[in-house]
Structure formats: C-alpha cells, structure tokens
Amino acid sequence: MRLHHLRVEAFGPFATSAEVDFDELSEAGLFLLSGATGAGKTSVLDAVCFALYGDVPGDRGSAKRLRSDHAAPHTVPRVTLEVTLSGRRFRVVRSPAWRRPKRRGEGTTAQQAGVTLSELVDDSWTPLSSRLDETGDLLGRLLGLSLTQFTQVALLPQGRFQAFLRARSDERHRLLQQLFHTGRFERVEQWLAERRRDLGREHAVVRAEVDDVVSRASEAAGVPAPDHGDGEVEHDDLTAWLARLVADAEAETSTSGAAVGHAAERERISRAGLQQARVVADRAARTRAAAAELDELEATAAVHHDDRRRLDAARRAAAVRPLHTVAVNANATAVRAREHAAHAFDLARRHLGDHLRPETLDDAEDHAAAVLADVRSFRPRGLRLEQARVERREVERGLEAATVALAQAQAAQRDHPALLAASRERLAAAGREAERAVALDERVSQRRAALAAHDELAGLEVTAAEARTAYLDARESCLGLRERLVTIQHARVDGMAAELATALAVGACCPVCGSADHPDKAHPAPGAPDAAAEKAARAEVDTAASLEHAHSEHLRELEIRVAAVRERTGDLGRAETATALTQADSALRRARGQGSALPGLEHDVAALEAAAVRLEADVDDAERHCAALELRHGVLVDEVATLDAELQALLGDHDDLDELVRHHERTRELCATAATRARDAAAAAAAADDARAALLDAADDAGFADVHEAVAAALDRSGLDALSAKVAHHEARLAAVRAVLADVDVPLDDGPSVAELEVAHGRALAALADAETRARVSATRLTRLAGLRSELADVLERAVPLRAELDLTTSLAAFVEGRSPGNRLRMRLSAYVLAYRLSQVVAAANERLARMSDQRYSLEHTGHRGAGETRGGLSLLVHDDWSGDTRDPATLSGGETFVVSLALALGLADVIAHEAGGASLDTLFVDEGFGSLDADTLDDVLDVLDDLRDGGRVVGVVSHVAEMRDRIPTQLVVTKSRQGSAVSVRR
C-alpha cells in the first residue's frame with residue numbers, strides 16, 4: 001500500500017479544503033507531521049482510515065462526529081484518497097453520515113454515508129462501485145488487513161503500545177486475538193465445551209431411559225430394582241437380572257394356562273346339566289298355564305260374540321259417518337253466511353241512507369270509485385297549491401328584506417368617498433416618515449461606528465505606547481548584548497595564543513610555526529573567554545535580535561491599526577459624536593414610530609378601495625333581486641287563485657280532501673263487502689242441500705233404516721281399532737292355548753332342582769374366571785418383561801459408546817481450557833497459539849530494541865502466570881543486560897517505556913504483515929511519544945526509523961516536539977485557528 005494524495009473537506013478540524021501530497025513527501029522518505037496540540041495531526045491519519053475503511057480508530061469512531069464544527073452549514077464533509085493497492089491505483093471518495101439543513105423550512109435532516117470507488121485505467125478514472133458494502137469488501141481484500149490490524153501496522157498509535165506492554169495476560173489475549181484472527185481456536189474450545197454439555201445431556205437422557213426401563217421391569221415383576229448405592233449398576237448385571245425375571249414369568253404363564261383348561265372343562269359340564277333342567281321345568285309350567293287360560297277364554301265366549309257383532313256394524317257405518325259430518329258443517333256454514341250478509345247490508349244502509357237497496361250496491365260502489373279517481377288526479381295540484389302558498393309567504397318576506405338591504409347599500413355608497421380620502425391622506429404622511437427613518441438609520445449607524453472607533457482608538461493608543469516601550473527596551477538589550485559579544489571576540493583574539501597552547505600535545509607540531517618543541521607555552525589569563533563563552537554570547541544575541549524583531553513587527557501592526565481606526569472616527573470628537581448619536585437615535589425612534597403604521601394604512605386604503613367596488617356591486621345586486629322577487633310574487637298569486645277554485649269545486653259539502661277520500665273509501669268498502677256476503681250466503685245454502693241428499697243415499701246403501709241408526713253404530717278411529725284388536729286377541733289366545741294342550745307327551749313333573757344346578761354352575765364360573773385372570777396377568781407380565789428386555793438392550797447399546805465419547809470429550813475440553821492436570825501451564829489452546837505469535841513478535845521487536853537501547857534491553861516472553869492472573873502464556877518481561885536482571889515492564893522509566901513499546905509495535909507490525917500474506921506497506925506512520933527521550937536515545941530511535949525507508953517505504957513521524965523539527969527537515973505542518981485547521985509542507 002502506498003498513499004499518493006489526500007484531500008479533506010469539512011472533516012474533523014478542517015473547515016475548508018485541505019490537501020496532502022504524499023508523493024511530494026515520499027521524495028524525502030522520512031517526514032514529520034507536526035503541529036500544536038489539538039491542531040489535527042491525528043485527524044490526518046483518521047482521514048486515511050476513514051477513506052479506506054469507512055471508520056476511524058479508537059474512541060473517535062464511536063463518537064460519530066466526523067464532520068467539522070467549523071464548516072459552513074451546507075458544506076458536505078468529504079475525504080478523497082488516491083492510493084496504490086496490489087499494483088492498482090484507486091481513488092476513494094467517502095462522505096460520513098451527517099445532518100444537513102432542510103431545503104424548505106427550519107431544522108436539519110439526516111444525510112446517509114456515501115462512497116465512490118474509481119480505478120485509474122489508461123490515464124482515466126473508471127468508476128467501480130458506489131455501494132458501501134462492495135467498496136469495503138474490495139478494499140479489504142486488496143489491503144489484507146482489518147481496521148484494527150491496519151492501525152497496528154501502518155498507523156502505530158500514540159500511547160496504545162505502552163498499555164499493551166504493561167497489560168495483563170487476559171487483556172493482551174483480547175488484542176492479539178483481534179490482530180491474528182485466532183478466533184477459530186476459541187471456537188474449537190467453545191465447540192468442545194458445548195459438545196461436552198451436549199453429551200452430558202444426552203448421557204443423562206440415556207441414563208434416565210435405563211432407570212425408567214429398570215423401574216418399569218421392577219413394577220411389572222413385583223420385585224425391587226437392583227440396589228446400586230451411589231454409583232451405577234453394571235450393564236451386564238442389569239441384563240442378567242431382567243433375564244431372570246423373564247424366565248420366572250414364562251414358568252408362571254405355563255402353569256396358569258394348564259389351570260385354565262381344567263376349570264373350563266368343569267364349567268362346561270355344569271352348564272350342560274343346568275340347561276337340560278331348565279328345559280324340562282319350562283315345558284311343565286307352560287302346560288299348566290295353557291289349561292288355566294283355556295278355562296278363562298271359554299267363560300267369556302258370549303261377550304266375544306257381541307263384540308264381533310258390534311265390530312261389523314261399526315265397519316258398515318264408517319262410510320256414512322264422514323257424509324254426516326259434511327252435511328252438519330254445510331248447514332252451519334249456510335246459517336252463518338245468511339247472518340253475515342244481513343249484517344253487511346245494514347252497515348252499508350246506515351252509511352249511505354235508507355234509500356239503499358240490495359240491487360243498487362254495485363252502482364254505489366262504482367260512484368265512490370269514480371270520485372276517488374278524481375281525488376287522486378287532483379292530489380299533485382293540491383300539493384302544488386300548498387307549496388305555492390308557502391312560496392308566496394317566503395317571497396313576501398324576502399321582498400321586505402331586499403328592500404331594506406337596498407336602502408342600506410345606497411346609504412353606505414353615499415358615505416364611502418369621504419372615508420377613502422381621509423385614509424389616503426394618513427397613508428401619504430406615514431410614507432414620508434418611513435423615508436425619513438431610512439436616512440436617519442444610516443446616520444445613526446455612522447455615528448455609532450465612529451463612537452466605537454473612538455473607544456477602540458483609546459485602547460490601541462495605550463497598547464501601541466506599551467509596545468513602543470517594549471520595542472525600545474528590546475533594542476537596547478540587543479545592542480548591549482552585541483557589544484558584549486564584540487568584547488568577548490576581542491578577548492578571544494587577544495588570548496588565542498593561550499587557547500592554541502592548551503590544544504598542543506607533547507611531540508605534536510604547532511599549527512602556527514610547525515615546531516614540535518614547545519618550550520614556553522602561553523597560559524590563558526584568568527577569566528579569559530573560550531569558544532563556548534563566545535557561542536553562548538552569540539546565542540544570546542540571536543535570541544535578543546529575534547525578540548527585537550518580534551516587538552518591531554508587533555509595533556508596526558499596532559501603528560497601522562491606529563491609523564485605520566483614526567480614519568473611522570471622522571471629524572468630530574468623542575463627546576460631539578456621542579451627542580450627535582443621541583440626537584439622531586431619538587429622531588430615528590420618532591420616525592420609526594410614525595412610519596410603523598405604514599403597512600396597516602396601506603392595508604386600510606386597499607380595503608376601502610375594494611369596499612367601494614363591492615358597494616357598487618351590492619347596490620346593483622340588491623336592485624336586481626327586488627325586481628325578481630316582485631315578478632315572482634305576481635306569478636304565485638295567480639297560481640294560488642286558480643288551484644283554490646278547482647279544490648272547492650271538488651270538495652262540495654266536505655271539509656277537505658282527506659275527509660272526502662275517507663267517506664268514499666268507506667262507501668266502496670261497505671258496498672263491496674255487502675255484495676260479496678250476499679253471494680256467499682246463496683252458495684252456502686246450495687252446498688247444504690247437496691250434502692243432505694248425499695247423506696241419505698249413503699245410509700240406505702250401508703243397510704241402515706235411517707241416518708240416526710247409522711250414526712249410533714259408528715265408532716271413531718281409536719274405538720274401532722280397540723274393538724278390532726280385542727276380538728283378534730281373544731281368537732289368537734284361544735288358538736295358542738289349544739296348540740299347547742295338543743302336545744300331550746310332555747311330562748308334568750319338574751325334574752332336577754334348577755336352583756341347586758345354578759349354584760354349582762356359579763362356582764364353576766368363578767373358578768374359571770379366577771384361573772383366566774391369573775393366566776392373563778402372567779401373560780401380560782411376560783409380554784411386558786420381554787419387551788423391556790429388548791428395550792433395555794437397545795438403550796444399553798446407545799449408552800456404552802456415548803459414555804466413552806463423553807469421557808474423552810470431557811478430558812479433551814478440560815485440557816484445551818487449561819483446567820486439566822496434564823496442562824502444566826494452565827494455558828488455553830487459543831492462548832497457546834497467541835503465545836507462539838507473541839514469541840514471534842518479541843523476536844522481531846528485539847532486533848530493533850537492541851539498537852534503540854544501546855544493547856541494554858531485550859524483551860522476554862514467558863508462559864508463567866503473572867501476579868493475580870489465573871492463566872499464563874502471554875506474559876512479558878524486560879531483561880536488562882547491564883545488570884543481568886529480568887524485571888516487569890512497569891518498572892521502566894517513561895523514555896524507556898516508549899522505546900520498548902515502539903520496538904514492540906514495529907515487531908508486531910512485521911509479524912502482522914507476514915500473517916496477512918506479506919502485505920506491502922509502503923507508507924508507515926508513528927504517532928507521538930518522542931518527547932520523553934533524551935538526545936542520544938532519540939538519535940538511536942531515528943536511526944531505526946530511518947532504516948524503515950529501505951525498499952522505498954515512506955515513514956511519517958507524528959510529533960509536536962520542537963527538537964524533532966530540527967532533526968527532520970521535511971515536514972507536514974498542521975496549524976489551527978478559530979476558523980479551523982490547515983496543512984502545509986515545509987522543507
């Protein structure tokens with residue numbers, strides 16, 4: 001990776017655009033990124049990280065405030081980086097998420113993060129992606145490093161490796177795990193732990209299944225389960241125990257089966273004897289009952305003969321009875337019809353008068369229907385008559401209101417011109433005051449600026465006087481120091497012989513005369529200055545000259561500001577300016593007060609002008625409305641008169657249409673009902689005569705002398721059915737009894753005792769049921785035990801290998817977790833892998849630490865646990881070759897800690913680069929910490945950093961230490977101000 005060009009806009013402390021040309025800095029190989037504290041040196045590195053990864057390292061990334069607070073509200077934060085990765089040149093343009101002002105209204109709205117990735121192909125930029133995920137994936141594959149690794153390899157952070165050096169093993173474990181991607185070994189540990197728990201649960205389930213099978217077998221056999229105390233019963237013992245239970249059940253089942261056979265045979269013999277005895281007893285009882293019943297039937301023979309006669313008469317009368325019912329009902333219907341017809345005619349005559357006759361009912365009904373038709377045809381005109389009367393009254397009320405409104409509109413139209421003229425006059429006066437207020441406002445601003453200039457001038461004159469005094473003092477001091485330097489230089493010249501003599505050695509040639517003999521060397525006078533004194537005096541002169549120049553520049557700037565401010569004061573003094581300001585301000589307030597009514601007066605004039613137009617339109621509308629109402633009133637009066645005449649002609653003697661309709665509807669209804677009832681009475685009389693003739697014919701056909709004899713012989717349906725059933729039952733009982741008595745060969749004795757045989761058979765049945773119950777229990781026990789033996793075999797077949805795997809997994813999990821006695825270091829597997837990586841880092845760090853510490857210090861990696869640590873493997877110690885002791889890194893001084901930490905950081909960078917597949921890092925930054933080093937150690941450190949440039953690598957050192965500016969000539973300087981930071985290159 002090589003950086004070429006960086007541009008930031010509204011990012012971090014950079015309010016406007018700032019650019020860094022890394023190609024220009026690459027020519028020197030080693031450059032210094034310097035600036036005051038808080039200027040934004042680290043923000044330059046943050047911009048590089050943000051362009052490559054879309055995030056910044058450390059706590060600054062979690063703050064989510066990447067946009068500059070100094071930037072203009074609408075300026076888009078943006079970072080543009082040109083970089084070469086794997087031989088391909090890319091340009092990345094990223095913008096963080098920020099809140100921009102809304103385009104409409106107040107407030108802000110969220111703007112999402114964005115990115116554009118382009119590649120330089122044939123001297124032109126070709127877009128590759130504008131999606132965050134695609135860009136991140138492509139750059140991540142090309143870089144070969146995560147953000148955490150990148151910040152440990154390319155951007156060695158300030159203070160981070162001192163914490164890493166002094167960290168505990170578990171803290172160092174977390175950092176190294178992120179850097180070296182050893183999560184797969186932790187996943188192995190987790191998998192073993194989870195596998196151990198899963199196998200434990202499975203083994204507990206299988207063990208519960210074994211216990212359940214043993215418990216069910218113990219219950220089925222009725223024997224206690226094997227006692228295993230606190231441990232587990234061996235599987236072979238359980239198998240043998242259940243096999244014995246199955247053998248016992250088989251023997252018991254065989255015995256109970258034979259007992260069932262013997263009991264069944266005894267029950268069969270007993271049941272056959274009982275059945276034979278019951279047959280004999282039943283036949284004897286039936287013969288005695290038949291003889292008794294025959295005597296009873298012969299005693300009731302006369303009653304049976306009479307029943308048969310009555311049954312025959314009832315069957316013949318059954319055809320006459322329905323016709324008798326019809327004749328009776330027809331006669332009753334004819335009587336009721338005559339009564340209804342007489343009543344209906346009386347109602348109609350009372351309604352229409354005594355002149356009504358039965359033959360005139362149809363004419364009266366037709367007349368009523370004709371009148372009702374006339375009423376129906378007049379109904380719409382009647383409704384219109386009522387509506388016209390209502391409309392006439394509404395038009396009369398509207399006409400009165402319209403006349404009043406017309407008079408009011410005409411009066412308002414006459415008074416409006418005077419109001420409009422007065423409002424226009426007030427508007428003109430307010431306009432003049434508003435124009436005067438504009439001129440007065442400008443005058444007040446001028447007076448106020450002049451008064452502020454007077455106040456500023458007074459302070460600047462005092463400051464300028466103080467600066468002039470300081471400048472004169474600095475000039476006098478500088479002149480004195482120059483004279484002292486000249487004095488020292490003259491004294492050195494005078495004592496140069498003694499100074500040269502002090503440098504002569506025995507046998508060495510004199511640099512002046514060339515002689516090797518020095519018989520009488522000159523001796524320096526007491527207090528004679530030497531080269532060091534002259535150098536110190538010259539340094540004081542340079543410092544004084546710089547101070548004199550600074551005071552001179554400051555005085556010149558103040559004098560320029562005084563002249564500029566004096567021009568802004570004007571021609572008046574301060575008191576006169578203050579008085580003029582007060583007067584102008586009072587006049588301005590009065591003019592603004594009078595001119596403030598201008599918008600309201602303009603609105604009033606516009607409203608009055610619009611009102612004049614509306615009044616004229618209102619008068620015209622009122623006149624037209626009155627004329628229309630008068631015309632409508634005349635039309636309605638004529639229409640009401642015509643319709644009222646038609647209504648009176650139709651009503652006659654009746655009060656209204658409703659009363660007329662009710663009268664004729666009642667007439668039509670009564671006449672129709674009377675005519676219908678008369679026709680119904682005639683039809684009912686004819687039907688009664690027909691029914692009477694049919695009844696007489698039917699009685700004669702059935703063989704009865706008259707109708708009354710047939711009605712007396714008739715029975716209803718239930719009586720006829722009962723009498724028929726009684727006759728049939730008597731005849732059926734008589735035939736059955738005679739059939740039983742005809743079987744004369746049946747003996748009349750009872751035979752064996754049925755009760756004794758039933759008792760014997762009950763005992764045989766109980767014995768059989770008991771034998772069958774014992775047999776079923778035995779068979780069921782045998783079946784259950786056989787099934788449980790098979791089930792136990794299946795469960796034990798799964799339990800044996802599961803237990804072996806559980807023991808192996810438990811042992812292995814304890815070993816990789818550092819809890820097994822076999823793991824002497826008590827070290828986890830992931831820690832062991834990281835310990836190997838840490839030993840590589842230590843070896844790489846010691847190569848540079850030896851040079852930077854003058855061959856004094858070296859790092860040692862130990863697998864033993866530190867104080868207070870539960871696991872070891874990642875502890876670091878520092879070996880001091882001067883004393884031969886090994887000590888904790890916490891005992892190092894501040895400068896020693898920085899040197900050791902820097903060596904550790906560089907070693908870690910080398911190992912990570914190798915771990916990432918030998919990623920080429922042509923640009924490297926080292927951030928801060930150099931201020932704690934002495935001059936010699938700083939030289940050694942810079943020599944090591946200078947060696948990092950081999951192969952074309954560019955190294956940037958981030959520091960604000962002044963001595964670093966003298967040692968590294970090529971510098972990228974970050975300066976800060978109230979308006980934001982800026983960058984520049986200094987050589």
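Is A10 buried or exposed? In this predicted model, A10 counts as buried, because its relative accessibility is 0%. The residue sits in strand 1 and has a positive phi of about 50°, although A10 is not a glycine. That makes strand 1 a handy place to start.

**Backbone oddities**

A10 has company when it comes to phi. S86 is another residue other than glycine with a positive value, near 55°. The setting of S86 is the loop between strand 4 and strand 5 (88–95). As for accessibility, S86 counts as exposed, because the figure is 57%, while A10 is buried at 0%. There is also a glycine to look at: G570 follows helix 14, and its phi is positive, near 85°.

**Salt bridges**

Now for the charged side chains. Side chains of opposite charge can pair when their charged atoms come close. How many salt bridges does the count come to? The total is 20. Here are three of them, with the N to O distance for each.

| Pair | Closest N and O atoms |
|---|---|
| R7 and E9 | 3.8 Å |
| R78 and E9 | 3.5 Å |
| R484 and E540 | 3.4 Å |

E9 turns up in two of these rows, once with R7 and once with R78. R78 lies in strand 4 (residues 78–85) and E9 in strand 1, so their pairing ties together parts that are 69 residues apart in sequence. There's a wider arrangement here too: R7, E9, E19 and R78 are linked in a network of salt bridges.

How do the members of that network sit with respect to the surface? E9 is buried, because its relative accessible area of 17% falls under the 20% limit. R7 counts as partly exposed at 31% relative accessibility, and R78 is also partly exposed, at 29%.

The R484 and E540 pair belongs to a helical part of the chain. R484 lies in helix 12 (residues 361–494) and E540 in helix 14 (residues 531–569), so this bridge ties together parts that are 56 residues apart in sequence. R484 counts as partly exposed at 43% relative accessibility, and E540 is partly exposed with a relative accessible area of 37%.

**Helix 14**

What should the 39 residues of helix 14 span? At 1.5 Å a residue, the expected figure is 57 Å, and the end C-alpha atoms are 57 Å apart, so the two agree.

The buried residues of helix 14 are E534, A537, V541, A544, E548, L555, L558, V562, V565 and T569. An α-helix has 3.6 residues a turn, so residues three or four places apart point the same way. It's worth reading the list of buried residues with that in mind, from E534 through to T569. E540, the salt-bridge partner of R484, is partly exposed at 37%.

**A cavity at the strands**

Rolling a probe the size of a water molecule over the atoms shows where empty space is left. In this model, the structure holds one cavity of 30 Å³ or more. The largest cavity has a volume of about 40 Å³.

Which residues line the largest cavity? They are L6, V8, F14, A18, V20, S43, V44, A47 and V983. The elements giving two or more residues to this lining are strand 1 (2–11), strand 2 (14–21) and helix 2 (41–53). The lining divides into eight nonpolar residues, one polar and no charged. Strand 1, then, gives residues to the cavity lining and is also where A10 lies.

**Cysteines and a long-range contact**

How many disulfides does a search of the whole structure find? The result is zero. Two cysteines can still be placed by accessibility: C478 counts as buried at 1%, and C671 is buried too, with a relative accessible area of 1%.

Finally, consider E298 and L734. In sequence these residues are 436 residues apart, yet in space they are 8.6 Å apart, C-alpha to C-alpha. E298 is found in helix 9 (residues 235–299). At 48% relative accessibility E298 counts as partly exposed, because exposed means over 50%.

Conventions: Residues numbered from 1 in each chain as written. Predicted model: local features only at pLDDT ≥ 70, side-chain atom pairs only at ≥ 80, totals over all residues. Heavy atoms only, no water. 1 Å grid on protein atoms, 1.4 Å probe; cavity = no way out; pocket = protein on both sides within 12 Å on 5 of 7 lines; lining within 4 Å. Points joined across faces, edges and corners; volume = space filled by probe spheres on them. Helix = DSSP H or I, 4+ residues; strand = E, 2+ residues; numbered from the N terminus. Nonpolar A, V, L, I, M, F, W, Y, C, P; charged D, E, K, R; others polar. Salt bridge = Lys/Arg side-chain N within 4 Å of Asp/Glu carboxyl O. Buried < 20%, exposed > 50% of the residue type's maximum accessible area, 1.4 Å probe, protein only. Expected span 1.5 Å × (residues − 1). Disulfide = S-S within 2.5 Å.
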